[in-house]
Every structure is written in structure tokens, then in C-alpha cells.
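Dear colleague,

Please find below the structure for your records. A short account of the findings follows it.

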There are 2 protein chains.
Amino acid sequence: MKKIAIDAMGGDNAPQALVEGANQALRDFADIEIVLYGDEAKIKPLLTATERVSIVHTDEKIDSDDEPTRAIRKKKQASMVLAAKAVKDGEADAVLSAGNTGALLAAGFFIVGRIKNIDRPGLLSTLPTGDGRGFDMLDLGANAENTPHHLHQYAILGSFYAENVRGIKQPRVGLLNNGTEASKGDPLRKETYALLAADDKLNFIGNVEARDLMDGVADVVVADGFTGNAVLKSIEGTAISILCQLKKAVLGGGLKAKLGALLLKDSLQEMRKSLDYSSAGGAVLFGLKAPVVKTHGSSDAKAVYSTIRQIRTMLETDVVGKSVVEFSRTEEEK
Amino acid sequence: MKKIAIDAMGGDNAPQALVEGANQALRDFADIEIVLYGDEAKIKPLLTATERVSIVHTDEKIDSDDEPTRAIRKKKQASMVLAAKAVKDGEADAVLSAGNTGALLAAGFFIVGRIKNIDRPGLLSTLPTGDGRGFDMLDLGANAENTPHHLHQYAILGSFYAENVRGIKQPRVGLLNNGTEASKGDPLRKETYALLAADDKLNFIGNVEARDLMDGVADVVVADGFTGNAVLKSIEGTAISILCQLKKAVLGGGLKAKLGALLLKDSLQEMRKSLDYSSAGGAVLFGLKAPVVKTHGSSDAKAVYSTIRQIRTMLETDVVGKSVVEFSRTEEEK
């Protein structure tokens, strides 16, 4: 039985989305137990599950505009902090939150703690591709600066994730760069390229460009946190903007366009679904001693459910445990 | 009369798209003269314009897979090189090419030459926003590395461009960063923020995130070449992928979906048009002594025409001359 600690008070739709997502997950997965941290008076009425679930009451919570590191240190009874402490103390196996991203990163880093020999945990998400297969990218912004050594660790972690959680054998690892030729990029990219090419355990396919990510050019895409964050936000912003314009075009196109949209409705919903990467779960702060997963602040119950399913797979495959072994071995080899 | 030197042999649709774009531009703009560099036997049959146009014949051209700097040095009679030399020698006022981007950057840098006190010319494009207003972003990849000083110069150049070429008074300048708070980012961003905030001549609005670019959060967006390139390619890749999926959804959606698409056709074309940033012209290598403009390799006659119109505006407003004055003044103040 794996126990997942959920910060029930984080995110725009808390606690409803968190509790309802938990209800559904408990129905579907008989091998998980959930602990909800937060305001019992608000959580209890929403909770339909009766088995393998408990509430740890607290009045305190971290707000979206709290300064992350400070909030973690000062608000010792916040729902997010208690959930992270439960993992640290061995009372739970993983943390899920839809709250303040920076605070969750800080809680992961300072409370749950890093895997030995991993310098800078990175934020990993599975992003959508046209063929529905998706790709894993990291770091998506846990760090503002990275070294070639960090990026090498992200390649190993990303491969572990793709192989274990998504079931991809020998995942193709690409380095995000400003061109595909081996000689491309700044010193960070050139040195990283050399490290990845020299690592026989990786299926390194070379440099990849941001233009080709959604075509599925690689299964794992390695980036520094600054660039990864900019690329993630560009993809999100462009997708939202185009779907908005599509809506505007329909609404402004008169009766003919509206009728057309009605006929196209099912097809468009199918498309939206393929773009909706919340079905692949949340963003994992990978490189910590346990799964610490952030689901989007605007997550609904379905997205929370998907993230619980993702965490269950991470626990089932013991992807974190395997990473611990791998990185302790890495150090011995030196 | 302003003279524009066109590399007629570069790009996927050369020389047809280049010559046809020139034909139309010569019809519409009585105040420009065009010189076409390339294979006279191929250009002549396509040329319908008879006045203010001439051909400089050459057999040599730079291919898309040529190594840029080497190509510029070895292929001294290439159409692109001759066009750049014409500007250097004062025989033409600007260069347009749809060919090898790296080679055009090298030709701009080594043949046309930098404006005094500008260290690293940057690649600038006007990208689309939902409201049709657009934003100018630089550097889009002329450089793999930049300093805060370069980024400060891009803010000034971008403002000049937005004000002169797009007619935006006091353009809002944003620094692309991984969050909007002033304290965000790596040392490059923090130092740049301080420089931009201290420059009274700029209308600096602070940090902007990639997610908000297409919402028109700023008129000028300043980025280092590596990040700018990744963001540009992410926007392009996402837009192409979504439009592809839209098409696939319609084709796979049966008769109902196809009928819907037929009814929506006009509205969708309107949307495509608003996303098509080739109507704003090509990418300017800004910071050189004359306009050096790259239009997309796949440009058709319409995109070439738009780029000629853009170059005409740059020459008419003398945005390069004003930059020369500004940067010579900057140096004197020191």
C-alpha cells in the first residue's frame, strides 16, 4: 500500500478539485492510501471515499503570492509543509500540490531532500506531441542557471522517467539547441553535448530544435531551467492564443461559421484533448528522495486524478529508488 | 530613389518568388529601384517590370547547406555576396535574401559591417499577437551568447524599430524572463534589468513571460539570442502543429466535420492570416550600417513583396541612420 500526501489547500480550485480527484483515484486504485492536509471543515463535506483516506487538519496554508523560501520556513503548519514533512518522516511516500510552485520546489528541496549526488533537481513534465506519444522535458524552470553536469544528470533522470513511467524502451534523448549540428550552441550546450555523447547508457540522438518538439523528435528533451521555462511558456501561450483566435473567428463569423463550428465540435474536442497535457499528470520535481509533483494551479478534479495516477506509477515502478541506485553507482565509478 | 539589392538565387522558390515579389513592389512603389543578383537566363523570363530594375548576372550562389563564414569567403561571386558588396560600396541601400541565414548574417557582419559602438547586431522580427498589433523581438538567434550590455543595445534598437517602422509611440519594452518580479532570472537578466530600468529614454515595463507574448504584453521584447531563438521556434512549431492537428481532426471527422470545415473556411482563413507574420516582412539583422533582411526560405512572392515594403519603410524612416546617430552619441556621453 502506497501512501500519497496531498496538500488539499493549494490551487485555484482547492479544496474541491483535490478532494474530488482523490475520491475518484481511491475508487479506481485499490493499492493507494491518501492523506489530505488542510481545513477539515472544508474537506470533510467533499470527501465521499471512506476507506484508505484520512485528513490531517491545519488552519495554515501557503498563498500563491507568498515568497517561497520564507513561506516554507515561517508557515510551519501550512498544509503543503505538513505534507512534505510526512514524506521526510517516512509517513508518506509522495507529495502532490496544486499550490505555489516556488514554495513546493523549496519544500521539496529543503524538507524532502535531494537524492545523493544529484546537484540540482529539475522540473519534468510530459508535453504533448501530434501523435499522442508525448515527450518529457526538463528542467522546466526549477533553476535559473545550470551547468553541463546538471544537464547530464537531467538526461539520465529523464531517460529513467520515460522508460519507467511511460514505458518507452531506450528513450531517445535530445539536447535542446539552436540548431541540429553537433557544433551548435553556446559553451553550455557544447560541453553538455560532449558529456551526453560519451555516456553509453544514454540513447543520445543529438541536438534538437524547439520547432520540432511537438513532432516528437525526441522522447526526452534536456534543457537548462531558463530556456526550458521559456519554451514551456511559449508552447502554452501559443496554444492558448490560437484556440482563443479560433473561438473568436467562429463567434465573429456569423451564422455560417457558428453552424460550421457546431458540426466540427466533436473533432475540435478531440484535438483539444490531444493538446491537454494535464492528462499526463503534473510536473515532477525530479531528483528528490520521493516524488514531489505539482499539478497546475487551475487543475480540476480530472487533472488531480491524472496526477495521482502518475504518482502511483512512479511509486509502482520505483523510478526514484532506481535513480538513487544509479546515482550512488555513478559516484563510486569516479 | 532608394536602391534595394536582392539575392535572387536564395530560398526554396528562387528565383521565381524573388522576381515576382520584385515585379509587384516596383508596380506599387514608384520611389524604389531594385537590382537582382543571380542567373540572368533564369531571372529575365520572369521579370515583367521594365523600369527601375536591373540584373547583375552571376553563376555562383550559396547553398542552404554551405558552411556560412566559409561560403562568404570562398564564393566571392555568389549572388548574396555581390548584393552585400553593392551595399558596402554605396551602390545599393539595403540587401534582401531568402537564402542561407547563417551566410546572410556573416555577409552582413563581415561585408556590410556593424554600426559603430554596436557590439553584436541582433536578429529582429515582428511576431503576431491576437489583436493584430504584433511585437518586435530580438535577438532571435544571431548570437548564441549575449551580455547585459548587448541586451541593453537590443532594447534601444528594438524601440527605434517599433517607433520608426511600425509607428508605435514610446514602445513598451519588456525583458523576457522566467517570471515578472524584478528579482527574477539569472545574473544576465538581473544585470540587464538594472541597465534597462536606469535608461530614461526607454519605456521599460519590466520582465515579461513567454506565455504572454502573443497577448501583446509588450511592443518590444528583449532576449539573448539563444533564448530568443528557442522561443521563436517554439511559437512556430506549436502554431504549425495545432493547425496540422486541426486539419487532421477535420479530415478524420467524417462528412459532418468536413461540412463544418467548409462553412468555417472564411473564418479559419482570417485566423491563419492573423498568424502569418510574413506579412510584417522578414527578419532584420539590426545593428548593421544598412538594412540586411532575411525573408523565410519558403517565402512566396507575397512574402517577398512584404519584405520589400518593410525595407522601403526602413529606408524612408532612416531607422538605421538614426541608430548610427544614437550610438555615436551614447559613446560620447561616456
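The notes below cover the conventions, the symmetry, one helix pair and the domains.

This is a predicted model, in which local features need pLDDT of at least 70 and side-chain atom pairs count only at pLDDT 80 or more, while totals for chains, interfaces and linings use all residues. Residues are numbered from 1 along each chain as its sequence is written, chains are lettered from A and ligands numbered from 1 in the order in which they are written, and side-chain values use heavy atoms, without hydrogens and water.

A turn of 180 degrees with a shift of 0.0 Å along the axis lays chain B on chain A at an RMSD of 0.0 Å (least squares on C-alpha atoms of residues with pLDDT of at least 70 in both copies). The two copies are thus related as by a two-fold rotation axis. Within chain B, the residue closest to that axis is B:Gly260, whose C-alpha lies at 1.8 Å.

In chain A, helix H1 (residues 16–28) packs on helix H10 (residues 301–317) at about 50 degrees, with the axes 7 Å apart (lines fitted to C-alpha atoms over the stretch in contact, angles from 0 to 180 degrees between N-to-C directions; helices are DSSP runs of H or I, at least four residues, numbered from the N terminus). Residues of H1(A) that meet H10(A) include A:Ala17 and A:Leu18, and A:Tyr305 is among their counterparts (contact: heavy atoms within 4.5 Å).

The domain assignment of chain A, automatic or from a database, gives domain 1 (1–118 + 287–333) and domain 2 (124–235 + 272–279). Their centres, taken over C-alpha atoms, are 25 Å apart. In chain A, 18 residues of domain 1 are in contact with twelve residues of domain 2.

With kind regards

Technical notes:
Helices (H or I, at least four residues) and strands (E, at least two) are DSSP runs, numbered from the N terminus.
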